[in-house]
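Good morning, colleagues. Please take a moment to look at the sequence and the model on the screen before I begin.

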Number of protein chains: 2
Amino acid sequence: MTEVKQYQGRDYDVIVVGAGHAGSEAALAAARMGNRTLLMTINLDMVAFMPCNPSVGGPAKGIVVREIDALGGEMGRNIDKTYVQMRMLNTGKGPAVRALRAQADKHAYHSEMKHTIEREPNLTLRQGIVDGLIVEDGVCKGVITNTGAHYRAKSVVLTTGTAARGKIIIGELMYSSGPNNSQPAMKLSGDLERLGFKLERFKTGTPPRVDGNTIDYSVTEEQPGDPEPHHFSFETKDEDYLDLKHQLSCWLTYTNETTHKIIRENLDRAPMFTGVIEGVGPRYCPSIEDKIVRFADKKRHQLFLEPEGRNTDEWYVQGLSTSMPEEVQQRILHSIKGLEDAEMMRPGYAIEYDVVAPYQLKATLETKLIKNLYTAGQTNGTSGYEEAAGQGLMAGINAGLRALDRGQFTLKRSDAYIGVMIDDLVTKGTNEPYRLLTSRAEYRLILRHDNADLRLTDKGHELGLIDDDRYAAFEAKRQAIKDELDRLGKIRIKPNDDVNAFLRAHNSGELKDGVLAADFLKRPEVRYADLMKFIPAAPEPLERHIIEQVEIQIKYAGYIEKAEERVERLKKMEAKKIPDRIDYDAIDGLATEAHQKLKKIQPTTIAQASRISGVNPADIAILSVYIQQGRIAKVKD
Amino acid sequence: MTEVKQYQGRDYDVIVVGAGHAGSEAALAAARMGNRTLLMTINLDMVAFMPCNPSVGGPAKGIVVREIDALGGEMGRNIDKTYVQMRMLNTGKGPAVRALRAQADKHAYHSEMKHTIEREPNLTLRQGIVDGLIVEDGVCKGVITNTGAHYRAKSVVLTTGTAARGKIIIGELMYSSGPNNSQPAMKLSGDLERLGFKLERFKTGTPPRVDGNTIDYSVTEEQPGDPEPHHFSFETKDEDYLDLKHQLSCWLTYTNETTHKIIRENLDRAPMFTGVIEGVGPRYCPSIEDKIVRFADKKRHQLFLEPEGRNTDEWYVQGLSTSMPEEVQQRILHSIKGLEDAEMMRPGYAIEYDVVAPYQLKATLETKLIKNLYTAGQTNGTSGYEEAAGQGLMAGINAGLRALDRGQFTLKRSDAYIGVMIDDLVTKGTNEPYRLLTSRAEYRLILRHDNADLRLTDKGHELGLIDDDRYAAFEAKRQAIKDELDRLGKIRIKPNDDVNAFLRAHNSGELKDGVLAADFLKRPEVRYADLMKFIPAAPEPLERHIIEQVEIQIKYAGYIEKAEERVERLKKMEAKKIPDRIDYDAIDGLATEAHQKLKKIQPTTIAQASRISGVNPADIAILSVYIQQGRIAKVKD
Ligand SMILES: Cc1cc2nc3c(=O)[nH]c(=O)nc-3n(C[C@H](O)[C@H](O)[C@H](O)COP(=O)(O)OP(=O)(O)OC[C@H]3O[C@@H](n4cnc5c(N)ncnc54)[C@H](O)[C@@H]3O)c2cc1C
Ligand SMILES: Cc1cc2nc3c(=O)[nH]c(=O)nc-3n(C[C@H](O)[C@H](O)[C@H](O)COP(=O)(O)OP(=O)(O)OC[C@H]3O[C@@H](n4cnc5c(N)ncnc54)[C@H](O)[C@@H]3O)c2cc1C
């Protein structure tokens, strides 16, 4: 066989490898910041493809989508154009845990994103496989494709997902493959290893798909969407919300003892347990066989039947991810209420793939080893579309800034879930596919669904990703909230019959003295609309999101203030920088584990150092003193 | 690695392998005839996928689509639901060469067909790869999949397209792959060889796709659709036709001397010419490098820029199929007017694949070697969606009839283009990808676009593929045509001032005596609408397709009659059956070549024998006499 002849392609500012959820955001961000950007991906028919659940959002993840939107990313707009059902979760609970979740039309999600990318002026989308990197003197200068093209660029983002040396496993069957039987990327991993990167092997899995015409919905529980409008993007208008007639329902069913028995009896054929699967799987999206083993006394597990789109009868069985043999999958399905006669259209499978262990990254998602090289998404050891998109956006921004010769951009743990996630990854690493959970955030009350724009739009605008019109609208909204808060902080409500009758009816203590409108609204029983019965309306009619903000900010003011105090304290710690290339060997007294971890992770601030597991307060004290004292030993380059 | 454990799946009546254009028709037909049918295919996202041109129809092919529709197949309905442009070709010429052609929304075409299949009650669509056949005593009993499933059935249809041991080639780059980088089927071919089939190696190719945002349309020629309604399906209504505002245009440009120079200078890197490509390519869809070499003195070649769909900016460059290296493809593109700055989104490529040499088939598309096993489509050595669909329908019908224990179904050369194609394949074989051309049909004036329903609806109804409602509507139409023909054969037009003024104005000889309305309409200058000025209208208003039929049948009556006489003569020859298992070794006097060919092809009638190339009239005479004389020697089974 002849060698593939190499040739010089044209130059770009930024190159993004892989057009999954991470790569799509990365490329759009870099291009929108004014960089001539190339997005290379294995198959154009799989741009922003969802290999697993046809849905976006949910706890923590949904908030990431809002953050992406506030920073000028695409995921929120894209799902708002292509959902088939929209539902706000946890509406009964506090605003910190509210989360939006949408069922997507999987194909439409892909094709809308692809079309958006195609229309982006600075962006070229091209099919091809990147086999290697051009690296000169420790600096990444471009990529080399399987067709022999050498493309040079100022910075490169890798978002290769589950395709890197991908291997699909279904029972005893095993073969090289990317997700959904796509081509895997077999060579790039080797090049990364050659460059000195440490790769790990993770795995994830997906459930079987069934023919909706063969489901007996009547014995399952309907899960309809919400009638009142919700959107992921701050730009989507209420009038574009689909009424319930145009939304599709999901359906709830359960596994049962028979299901569990079938699984238990076939554990000797489960690749998860026979040693066939070497990759580490996601703890928070376990396969059904894993759940049966780990929660042996649970009598049943929830399963949601979710449509894969409008123009298809394929249904996704959420909760039934598995790599059991096809035959066993079929028997599992048929043991489930509503699925007794279900035809399986595609079997579930597990996929193993290569991951760049994320301690090798800076908080900017640039690799420590190779300058101007960034990685994002599943490649960094995460799991989930939203996690990938959030990282992709950040890596694209930083690669874009690098190409423009501007400073880098990071988000703190108190700025955004995206900040929490990236800090977790680069500080703690992960030894299993990492998923965002609300419990990972220490400032949950600040990192809310409803205030993502207030938290991040300034930054998005400064980066050039939020245009002036949108920014002006945002500023008007912010001002309106402030004005109304001020107003309510000044108006007094006097006790009178109306007010007290209202309070009695709502089991709230009667007023004896006058109170500020703001304090009146603080009462859990009082809504903003109630308050308006007793005081004059705002000078301009207020939009519902402004009212929502005013309510939340007043009702939760105490908690929010406390959280903000903690953030302030943290900021001081974050301000204590650890000098570059500090030589930990020269610091006396560090515990052995702390010494090793600090060398490996190379935190950039004392705050980050303190979050590394195995680094104790005593170590932090030693390190702080060492740095304060000022004579820092450095390692050679 | 563990062996994949085998298991018994449920039984079916008919199994179809491969859901391309052939497999989709085959499975729908078998299921609609009342057979419990399984359709297995490698990737559900590629059901009825168009790996090459985003269009359906054109000369001969368009007529096949009408024939498929008249027999109750799906292709016509499917393209009528998903076209982006519709155009009747050759409207200036006679009705025999008129042909409808549609640009398809490629993705919509796929997803509509998939959805239709999903909703078909007797039909199960499942993802999986068939690795082998279950054959017992020379009879096919089912299939075996890569996941170890054994599905048994009464008959099996193979429609594996270009996936069988597929290999993609782009310049020096070469890798195992199905079309569009899908998974190839690596094992089934080996099983066919083991069973004794002779496989051949063919190749086909596709052009690069470019980003429509980077095309300069202003220097190309617009090719809009037709404003007046046309449909592929006899069931589609005029009111559903898209007006021009909702159709997309194509654009015409040309190669030039620079293009040709680039190609000539790089012929040493063209896999077509360096011996890398071993498969035989399609003469009638040559690659651009092939055209430059074969038509060295042609100054330019037409290129049509065709949209790949509504929600994508990918454009197909018709006429530029190539397997040149990516770099050269890019230079070729940039040499073309309008494409100077075009961004290539996917490179063109060639693909090599295995073909079942079609002389191994009966006219029913059953294999001669293995009973109850049928093959159809690209697998049989053809090229083109329509050719595939036509065969798929026939194979599905026959597999369905077999499962129902009913007699087989064939079409004669005088019945349909489908009949011409299958007779060509099984009688002459093909040593290159076979494409239907009008020149292959000897009864072109009978096998028209406009009369496919008149030719075939009876048969479709008898097969159970045309329901009673549609059949009743068809019969009413047929009757209306007959009534109007009868009426025009009786009414006389007398010479008068009006008539003769009209004739003078249209440069037609004046009437001296009265003539029959039918004869008046025979004049080339007279249209049916003109005639109606001089005679009373039909008792019921006539639909435009009825009028069209009346016009064509009257105007071309002479030619049509002659063709029908030839058909009658042929029928007599077709009636002369050649007995099964006749022993050609026992017939004296046959020329050596004729003897070999007759043994290989095993024609079933004297007519078919006479069409075998290398079998001369003298041989036919000997064979006829031998059969008439009645004592036939048979070969042992
Ligand atoms: C079977 C399966 C099950 C999953 N189950 C879950 C789940 O239960 N829960 C969950 O949260 N997440 C799940 N995921 C993960 C989720 O799909 C990913 O987290 C998400 O898609 C990651 O986005 P990404 O952009 O990082 O990677 P991807 O979406 O995988 O995109 C990567 C892209 O890069 C391209 N690419 C790779 N290598 C190259 C190269 N060398 N050159 C050019 N292009 C390249 C690929 O073709 C692909 O388009 C699952 C994934 C799979 C495959
Ligand atoms: C690159 C390319 C260029 C082409 N160019 C032209 C052209 O210029 N002009 C033209 O007329 N035609 C062209 N064609 C051919 C045209 O695409 C085919 O003629 C048409 O698609 C054939 O339909 P089919 O149903 O026979 O096969 P396909 O459409 O190929 O469908 C076959 C199906 O079978 C499935 N399959 C295969 N093996 C197995 C198995 N073992 N188990 C389960 N499923 C299996 C495949 O996945 C596929 O879905 C081209 C095709 C390709 C790939």
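Let me begin with a definition: a disulfide is a pair of cysteine sulfur atoms within 2.5 Å. In general terms, a disulfide is a covalent bond between the sulfur atoms of two cysteines. By this rule, the count over all chains comes to zero disulfides.

I should state the ground rules at once. This is a predicted model, in which local features need pLDDT of at least 70 and side-chain atom pairs count only at pLDDT 80 or more, while totals for chains, interfaces and linings use all residues. Residues are numbered from 1 along each chain as its sequence is written, chains are lettered from A and ligands numbered from 1 in the order in which they are written, and side-chain values use heavy atoms, with hydrogens and water left out.

Why does B:Cys250 form no disulfide? Its closest cysteine sulfur, in B:Cys52, is 14 Å from the sulfur of B:Cys250, too far for a bond. As for accessibility, buried means under 20% relative accessible area, exposed over 50%, and partly exposed in between, with a 1.4 Å probe and protein chains only. B:Cys250 is buried at 3% relative accessibility, and B:Cys140 is buried with a relative accessible area of 0%.

I turn now to the interface between the chains. Contact here means heavy atoms within 4.5 Å. On that basis, 51 residues of chain B are in contact with 51 residues of chain A. The size of an interface is often given as the accessible area lost when the parts come together. Buried area is accordingly defined as the accessible area (1.4 Å probe) that two parts lose on being put together, summed over both. Between chain B and chain A this area is about 4,700 Å², and carbon and sulfur atoms give 41% of it. Of the area that chain B buries against chain A, 12% is supplied by B:Glu172, B:Asn311 and B:Met345, more than by any other three residues.

Which charged pairs cross this interface? A salt bridge is a side-chain nitrogen of Lys or Arg within 4 Å of a carboxyl oxygen of Asp or Glu. The rule finds eight salt bridges across the interface of chain B and chain A. In a salt bridge between the chains, the side chains of B:Arg126 and A:Glu343 meet at 2.5 Å, N to O. The rule for polar contacts finds 44 residue pairs across the interface, both residues being at pLDDT 80 or more. A polar contact is a pair of N or O atoms within 3.5 Å; within protein, one must be able to donate a hydrogen and the other to accept it, and residues adjacent in sequence count only if both atoms are side-chain atoms.

Several elements of chain B give two or more residues to the side that touches chain A, among them α4 (106-119), β7 (123-127) and α9 (326-334). Helices (H or I, at least four residues) and strands (E, at least two) are DSSP runs, numbered from the N terminus. The largest share of this side, seven residues, comes from α4(B).

Let us move to the salt bridges within chain B. Over all chains, the count comes to 112 salt bridges. In one of them, the side chains of B:Asp13 and B:Lys154 meet at 3.2 Å, N to O. B:Asp13 lies in the loop between β1 (7-8) and β2 (14-17) of chain B, and B:Lys154 in the loop between β10 and β11 of chain B, so the pair ties together parts that are 141 residues apart in sequence. B:Asp13 is buried at 17% relative accessibility, whereas B:Lys154 is partly exposed at 44%.

In another salt bridge, the side chains of B:Glu74 and B:Arg32 meet at 2.7 Å, N to O. B:Glu74 lies in the loop between α2 (61-70) and α3 (75-82) of chain B and B:Arg32 in helix α1 (residues 21-32) of chain B, so this pair ties together parts 42 residues apart in sequence. B:Glu74 is buried at 3%, while B:Arg32 is partly exposed at 23%.

Helix α4 of chain B returns here: B:Lys106 and B:Glu308 meet in a salt bridge through their side chains at 2.9 Å, N to O. B:Lys106 is in helix α4 and B:Glu308 in the loop between β18 (302-307) and β19 (314-318), 202 residues apart. Both B:Lys106 and B:Glu308 are buried.

Finally, I note a backbone feature. B:Asn372 has a phi near 65 degrees, a positive value in a residue other than glycine. B:Asn372 is found in the loop between β21 (349-356) and β22 (373-375) of chain B, and is buried at 9% relative accessibility.
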